[in-house]
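Student: Could you take one spot in this structure and walk me through it closely? I'd like to see how it ties in with what surrounds it, in plain bench language.

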Amino acid sequence: MPAFVCCYIVVVAKTLIDKLWDEHLVADLGDGGSLLYIDRIFLHERTGSVALKELAAAGRRVRNPEQVFCTMDHIVDTFPGRGDTTRVPGGTDFITQTRAAARAAGITLFDIGGDDQGIVHVVSPEQGIALPGVSLVCPDSHTCTLGGLGALAWGIGSTEAEHALATKTLVVRKPRNMRVRFDGRLAPGVTAKDMILALIGAHTAGGGVGYAIEFAGEAVRSLPVEARLTLCNMGVEFGAWTVVVPPDDTTFEYVRGRPYAPRGETWDRAVERWRALRSDDDARFDAEISLDCAHLAPQVTWGTSPQHEAGIDGVVPDPAGQADANRRRSMERALEYMGLQPGTRLRGLPIQAAFIGSCTNSRLSDLRAAAAILQGRKVASGVRAICVPGSTRVKRAAEQEGIDRIFREAGFEWRESGCSMCFYAGGESFGFEERVVSSTNRNFENRQGPRTRTHLASPATVAASAIAGHLADVRQLAR
Amino acid sequence: MEKFTRITAVAAPLLRINIDTDAIIPSREMKTVGKTGLAAGLFANWRYRTPGSRDEAPDFVLNREPYRHARILLAGANFGCGSSREHAVWALHEWGIRAIIAPSFGAIFAGNCVRNGILPVVLDNAVVEDLARQVEGDASSPPLTVDLVERTVTAPDGARHAFAINDTDREMLLEGLDGIAHTLKRDDAILAFQAQDRLRRPWIYL
């Protein structure tokens with residue numbers, strides 16, 4: 001009988017998430033647990049303050065302070081001439097204690113009044129702190145935004161932030177792999193915001209729970225980096241542990257030359273390594289879904305969860321048509337909160353306020369898109385309109401282009417950067433039962449003010465609606 | 001951290017889906033830089049008649065007997081979605097909640113729970129609804145038992161439902177572990193990784 005000697009070289013095909021995971025694996029803890037190395041940590045004054053304070057109280061130190069950054073965005077006022085005083089009850093303490101703790105810990109602080117202050121997830125890519133392939137955490141749920149650069153970035157709590165600060169690692173269980181393919185090319189007037197809202201609408205706000213998700217497909221590849229950041233920003237609104245877009249030449253061009261990005265020969269080495277950050281052709285995913293983007297209309301939410309959304313040419317749905325009892329009850333409650341009836345056309349719904357800002361949609365390209373709609377037009381009477389640039393750098397760049405003038409002449413307030421009215425923290429808010437069209441990420445009950453009714457949309461749709469005085473289809477205004 | 005092993009307690013049903021951490025504690029209720037003084041702000045938008053007031057809304061479940069004494073919460077799918085604010089968990093803990101049973105949880109919220117002595121239990125939606133029916137249907141609101149050692153939930157009718165939890169989280173809760181001290185037992189591995197990685201990816205090291 002012939003003897004066979006077989007030699008197998010098993011090469012396991014990996015997803016992008018697998019590769020990012022393995023690159024940061026310090027130790028396999030068994031039972032699915034991993035000790036992951038954390039390259040960079042970002043903090044802000046709302047939740048980072050507690051982490052720094054508790055860490056110091058426990059007598060522990062920040063292990064690598066040169067890799068830790070902090071900004072003031074959540075509590076700080078956005079009025080011109082602002083300082084440490086804020087309208088948020090107790091807010092000044094968050095600012096002053098964060099500053100003191102940041103100085104004591106020796107971390108880099110992007111402080112109020114500084115050139116580089118801004119919303120954490122706007123500053124992080126702008127500075128080149130978030131890069132392709134880095135692991136980055138922040139005690140803020142929208143940290144997944146940075147997946148738009150090909151970073152493994154996710155939101156954590158304050159206690160986990162303490163752990164990351166003290167040990168440079170986190171104990172994490174690897175989520176399952178999902179790939180979402182966004183097919184086709186977007187029509188004019190349709191944006192990354194519309195893509196992510198449509199995904200959440202189709203697959204619910206819990207559709208991504210338990211998954212790390214790769215966003216792929218032609219529609220994603222053709223997006224500029226800032227739009228990819230928008231797309232990934234709302235990954236958490238889909239329930240994902242995090243989301244990531246494979247980095248490509250578009251990404252590398254965006255990153256090149258940023259203050260904390262590698263330079264010279266190190267840059268070349270980095271790019272070479274970043275080019276391998278893509279799923280192998282035969283990689284297997286635990287789940288795959290796709291979304292047709294070629295026929296997508298601008299989207300807008302009608303309820304109190306991001307999954308309560310529809311095309312701008314659609315109507316408020318009838319809960320009676322929803323077979324799932326839990327979803328039906330959620331829809332009924334949402335319609336009551338929003339003061340809406342089934343069958344009402346979304347286009348034409350009168351609004352009292354319009355807001356452009358937040359870590360979702362406050363970058364220069366967002367402001368340009370809104371300005372293109374606003375130029376030579378006026379905000380409808382009775383509509384309060386506010387624009388809050390995402391960072392001090394974005395604000396200044398916009399002012400150099402004259403974008404601030406377009407906003408102001410149209411009737412928008414033009415603010416200093418910060419999270420501002422994305423959420424109500426006891427300070428500034430929109431009014432009781434006021435209807436707001438907003439470029440932010442959460443339409444939760446009371447999110448933007450007591451009983452305020454939020455409709456999420458893209459900056460272009462917000463601008464078009466502000467002019468019309470009601471929810472509007474930007475495609476009818478585009479020039 | 002407080003340990004969790006086993007509790008037998010009143011369970012309050014709050015079966016809405018997608019209850020977000022803004023609802024669990026509104027941002028305006030996070031008034032100081034710290035982990036305490038947050039219980040009064042728990043579910044403030046639902047628990048009180050008007051925002052900012054402390055005038056109880058009598059219909060809200062946690063304002064009703066016997067649920068005022070609940071230590072277990074029965075919730076709808078995707079409980080704790082939204083903002084990463086750990087204040088949501090600190091507020092629940094300070095109010096008295098030690099276990100939450102739901103079909104699914106927001107990922108950051110679930111991670112925050114196990115670091116603060118609250119056990120998040122995942123059970124099928126049908127089971128959670130059945131448990132809710134049992135505690136609501138009897139005026140005495142018979143207690144549930146949640147046992148982390150056995151990994152079971154025992155319903156008032158005696159039915160036992162097994163739940164899954166990974167070893168890391170289970171150990172953390174059973175032992176009340178300090179996560180940082182536990183990880184630093186592997187400090188050699190962390191330092192070795194860092195030394196190698198510095199050569200592999202020098203651009204990471206500023």
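**A threonine in a loop, and what lies around it**

Tutor: Let's start with Thr145(A), which sits in the loop that connects strand 6 and strand 7 (152-155) of chain A. Helices here are DSSP runs of H or I with at least four residues, strands are runs of E with at least two, and both are numbered from the N terminus. Bear in mind that this is a predicted model, where local features need pLDDT of at least 70, side-chain atom pairs count only at pLDDT 80 or more, and totals for chains, interfaces and linings use all residues. Residues are numbered from 1 along each chain as its sequence is written, while chains are lettered from A and ligands numbered from 1 in the order in which they are written.

Loop or not, Thr145(A) is buried, since 34 other C-beta atoms lie within 10 Å. The cut-offs are 20 or more such atoms within 10 Å for buried, 12 or fewer for exposed, and partly exposed in between, with C-beta atoms placed from the backbone. Setting aside neighbours within four places in sequence, Thr145(A) is in contact with His121(A), Leu229(A), Cys232(A), Asn233(A) and Cys359(A). Contact means that the C-beta atoms, again placed from the backbone, lie within 7 Å. Thr360(A) is 215 residues away along the chain, yet its C-alpha atom is 7.9 Å from that of Thr145(A).

Among those contact partners, Leu229(A), Cys232(A) and Asn233(A) belong to helix 8 of chain A, and they are buried too. In fact, nine of the nine residues of helix 8 (residues 225-233) are buried, leaving this helix mostly covered. Charged residues are on that buried list as well, including Glu226(A) and Arg228(A).

Helix 6 (residues 192-203) of chain A tells a similar story: ten of its twelve residues are buried, so the rest of the structure largely encloses it. Lys193(A), Asp194(A) and Met195(A) are among the buried ones. The geometry checks out as well, because twelve residues at 1.5 Å a residue should span 16 Å and the end C-alpha atoms are 17 Å apart; the expected span is 1.5 Å times one less than the number of residues. Just past this helix, Thr204(A) has a positive phi of about 75°.

Now back to the strand at one end of our loop. Strand 6 (residues 135-138) of chain A runs parallel to strand 3 of chain A, joined by two bridges, and Leu136(A) is the bridge partner of Arg40(A). Two strands pair if DSSP finds at least two bridges between them. Strand 3 also runs parallel to strand 4 (residues 68-71) of chain A, this time with four bridges, and there Phe42(A) is partnered with Phe69(A).

What about the burial of strand 3 (residues 40-44) of chain A? Five of its five residues are buried, so the rest of the structure largely encloses this strand. In a regular strand, side chains alternate between the two faces of the sheet. Here Arg40(A), Phe42(A) and His44(A) are buried on one side, and Ile41(A) and Leu43(A) on the other. Strand 3, helix 2 and strand 4 of chain A form a right-handed β-α-β unit. Right-handed means that, with the strands pointing away from the viewer, the path from the first strand over the helix to the second runs clockwise.

That brings us to the partner chain. The contact between the chains takes 63 residues from chain A and 48 residues from chain B. Helix 2 (48-57) of chain A is one of the elements giving two or more residues to the side that touches chain B, but helix 5 of chain A gives the most, with seven residues. That side of chain A divides into 24 nonpolar, 24 polar and 15 charged residues. Nonpolar covers Ala, Val, Leu, Ile, Met, Phe, Trp, Tyr, Cys and Pro, charged covers Asp, Glu, Lys and Arg, and the others, Gly among them, are polar.

Chain B has parallel strands as well. Its strand 3 (residues 72-75) and strand 4 pair in the parallel sense over three bridges, with Leu74(B) opposite Ile101(B). The route between these two strands of chain B goes through helix 3 (residues 87-95), and this β-α-β crossover is right-handed.

Note on methods
Two residues are in contact if their C-beta atoms, placed from the backbone, lie within 7 Å.
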